[in-house]
Amino acid sequence: MSSNQPGVQSRPASCACPALILDIERVLDVAARQTIRAEFRFDPAAPLAVSLELVVEDGPRVLWRIGRDLLRQGLRSAGGLGDVQMWPARSQEGGTAWLQLASRDMAALFELPVPPLEEWLEHTYELVPAGRELAGIDWDATTTDLLAGS
């Protein structure tokens, strides 16, 4: 959602959330891994999703939009279907989690550290609490715009 859409009100810019930058591991096979830079970003004006930019050294940048609730759930239990799935890797507290991203006939599996991601996600929920993500939408204006075909 953006403030350019009819019926959507922007949240104050003072609610900005700093990016979380992590070095994560891409699992290539049983014995091979590749370190990838992961940049998680949260925009309070579009609070349902988190942007994840994967940066390979001397390679392309890949951008994914992942549901914020899916990331939170995946830290403790299996979550997601289809293209994005996440689940805890180890049962002990503060371990790691697996994130699988799939597109067409390609898939990638990443191992993420739970503590920094969990702390960062909790900050996003302080900025925009669960259940309040759609509070800034003027539903009457949005419905009118949709019915008018704009």
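Two strands are taken as paired if DSSP finds at least two bridges between them; helices (H or I, at least four residues) and strands (E, at least two) are DSSP runs, numbered from the N terminus. The structure is a predicted model, in which local features need pLDDT of at least 70 and side-chain atom pairs count only at pLDDT 80 or more, while totals for chains, interfaces and linings use all residues. Residues are numbered from 1 along each chain as its sequence is written, and side-chain values use heavy atoms, with hydrogens and water left out.

On these terms, the chain contains three helices and seven strands. Read from the N terminus, the order of elements is β-β-β-β-α-β-β-β-α-α. Of the 150 residues in the chain, 35% are buried (under 20% relative accessible area, as against over 50% for exposed and partly exposed in between; 1.4 Å probe, protein chains only). The chain exposes about 8900 Å², where accessible areas come from the Shrake-Rupley method with a 1.4 Å probe and, for residues, only the protein chains shown count as cover. Carbon and sulfur atoms supply 52% of that exposed area. With a contact defined as heavy atoms within 4.5 Å, 40% of the contacts between residues at least 6 apart in sequence join residues at least 24 apart.

The seven strands form an open sheet in the order 4-3-2-1-7-6-5, with antiparallel pairing. Its edges are strand 4 (61-67) and strand 5 (84-88), each of which pairs on one side only. From one strand to the next, the twist averages 30°, with axes being lines fitted to C-alpha atoms (for helices, over the stretch in contact) and angles running from 0 to 180 degrees between N-to-C directions. Strands of a sheet pair through backbone hydrogen bonds, either parallel or antiparallel.

Strand 1 (residues 20-27) pairs with strand 2 (residues 33-42) in the antiparallel sense over eight bridges, and the two form a hairpin with five residues between them. Within this pair, Arg 26 faces Gln 34 of strand 2 as its opposite residue, and Val 27 stands opposite Arg 33. Strand 1 is also joined by three bridges to strand 7 (residues 106-113), again running antiparallel. There, Glu 25 stands opposite Glu 111, and Val 27 stands opposite Leu 109. Strand 2 continues the sheet through six antiparallel bridges to strand 3, and one of the bridge partners across this pairing is Val 50 in strand 3, matched with Phe 42. Strand 2 and strand 3 likewise form a hairpin, with six residues between them.

The loop between strand 2 and strand 3 (49-55) holds Pro 47. This proline is buried, with a relative accessible area of 1%. Pro 47 lies 82 residues from Pro 129 in sequence, yet their C-alpha atoms are 9.2 Å apart in space.

Two further loop residues have positive phi values. Asp 58, in the loop between strand 3 and strand 4, has phi near 60°, a positive value in a residue other than glycine. Asp 58 is exposed, with a relative accessible area of 81%. Arg 104, placed in the loop between strand 6 and strand 7, has phi near 55°, also positive in a residue other than glycine. Arg 104 is exposed as well, at a relative accessible area of 86%.

Empty space was examined on a 1 Å grid over the protein atoms alone: a cavity is a set of points where a 1.4 Å probe fits but cannot get out, a pocket is an open set with protein on both sides within 12 Å along at least five of seven lines, and lining residues have an atom within 4 Å of a point. Grid points are joined across faces, edges and corners, and a volume is the space filled by probe spheres set on the points. The largest pocket has a volume of about 320 Å³. Its lining comprises 15 residues, with Arg 26, Leu 54, Val 62, Ala 108 and Phe 110 nearest its centre. At least two lining residues are supplied by each of strand 2, strand 4, strand 6 (96-103) and strand 7. Strand 7 provides the largest share of the lining, four residues.
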